[in-house]
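Me: I'm in my first year and still learning to read protein models. Could you take one part of this one, the sheet and what surrounds it, and walk me through it slowly?

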Amino acid sequence: MRRIQRATLELSGSPQFALISGILAALRHKIDPNVPTAMTNGVDVIWGPVLLDRLNPRQIAYVLAHEASHSFFMHNQTAQRLYQINAEIAGIAVDQVVNNLLAYRDWE
């Protein structure tokens, strides 16, 4: 959890992520061995421990920014109809939106 908190502080203090800094501060973090990667319900970020152990600090920050962006765009609410039609494709679509946004950030 300390590594997640460090990434939260790093992102929150960055001008690039000022728009989602409030969301970063409000997100709750949980670790669940049944989660293979990471996910959010809009309020909680649930981390898979295997993934978390493999990530370096920059990668943790990226995943955190990714999940916080889903909350920012309210994907759990706005894409609900798409999830009902085809959950897999809806998940890919909302991930693409977030990844396109983050691709323009300097991660070096």
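**The sheet and its surroundings**

Reply: Let's begin with the sheet itself, keeping in mind that this is a predicted model. The sheet is open and built from three strands in the order 1-3-2, with mixed pairing. Strand 1 (28-31) and strand 2 (38-40) are the edge strands, so called because each of them pairs on one side only. On average, neighbouring strands here are turned by 20° against each other, if you ignore direction.

What does "mixed" look like strand by strand? In general, the strands of a sheet pair through backbone hydrogen bonds, and they can do so in a parallel or an antiparallel way. Here you get both. Strand 1 runs parallel to strand 3 (residues 44-47), and the two share four bridges. Strand 2 and strand 3 are paired in the antiparallel sense, over three bridges.

Now pick out some individual partners. Arg28 sits opposite Asp44 of strand 3. Lys30 has Ile46 in strand 3 as its bridge partner. Look at Ile46 again from strand 2: Ile46 is also the bridge partner of Met39.

Next, the side chains of strand 3. As a general rule, side chains in a regular strand alternate between the two faces of the sheet. In strand 3, Asp44 and Ile46 point one way, while Val45 and Trp47 point the other way. All four are buried.

Follow the chain between strand 2 and strand 3 and you meet a hairpin with three residues between the strands. One of the residues to look at is Gly42, which takes a positive phi near 100°. Val43 belongs to the loop between strand 2 and strand 3 too. Is Val43 buried, exposed or something in between? Its relative accessibility is 43%, so Val43 counts as partly exposed. If you skip the neighbours within four places in sequence, Val43 is in contact with Ala26, Leu27 and Arg28. You've already met Arg28, opposite Asp44. Val43 also gives us a way to look across to a helix: its C-alpha lies 9.9 Å from that of Glu67, although the two are 24 residues apart in sequence.

That brings us to helix 4 (residues 57-72), which packs on the sheet and touches strand 1, strand 2 and strand 3. The direction of helix 4 makes about 25° with that of strand 2. His66 is part of helix 4. With a relative accessible area of 9%, His66 falls under the 20% cut-off and is therefore buried. Beyond its neighbours within four places in sequence, His66 is in contact with Asp95, Val98, Asn99 and Leu102.

His66 and Glu67 come up again when you look for empty space. Rolling a probe the size of a water molecule over the atoms shows where such space is left. The largest pocket has a volume of about 280 Å³. It is lined by 16 residues, and those closest to its centre are Ala38, His66, Glu67, His70 and Asp95. Strand 2, helix 4, helix 5 (75-78) and helix 7 (87-103) are the elements that give two or more residues to this lining. Which of them gives the most? Helix 4 does, with five residues. By type, the lining of the largest pocket has six nonpolar residues, eight polar and two charged.

Keep going past helix 4 and you reach Met74, in the loop between helix 4 and helix 5. Most residues other than glycine have a negative phi. Met74 is not a glycine, yet it has a positive phi of about 55°. At 45% relative accessibility, Met74 counts as partly exposed.

For contrast with the buried residues, try two others. Gln5 is in helix 1 (residues 2-12). Its relative accessible area is 51%, so Gln5 is exposed. To relate Gln5 to the sheet, find Thr40: their C-alpha atoms are 16 Å apart, and 35 residues separate them along the chain. Tyr104 lies in the segment after helix 7, and at 72% relative accessibility Tyr104 counts as exposed. Its C-alpha and that of Gln16 are separated by 10.0 Å, with the two residues 88 apart along the chain.

If you want one thing to trace on screen, start at Ile46, the partner of both Lys30 and Met39. Then move to helix 4, which packs on the sheet and gives the most residues to the lining of the largest pocket.

Key:
Residues numbered from 1 in each chain as written. Predicted model: local features only at pLDDT ≥ 70, side-chain atom pairs only at ≥ 80, totals over all residues. Heavy atoms only, no water. Axes fitted to C-alpha atoms, helices over the stretch in contact; angles between N-to-C directions. Contact = heavy atoms within 4.5 Å. 1 Å grid on protein atoms, 1.4 Å probe; cavity = no way out; pocket = protein on both sides within 12 Å on 5 of 7 lines; lining within 4 Å. Points joined across faces, edges and corners; volume = space filled by probe spheres on them. Nonpolar A, V, L, I, M, F, W, Y, C, P; charged D, E, K, R; others polar. Buried < 20%, exposed > 50% of the residue type's maximum accessible area, 1.4 Å probe, protein only.
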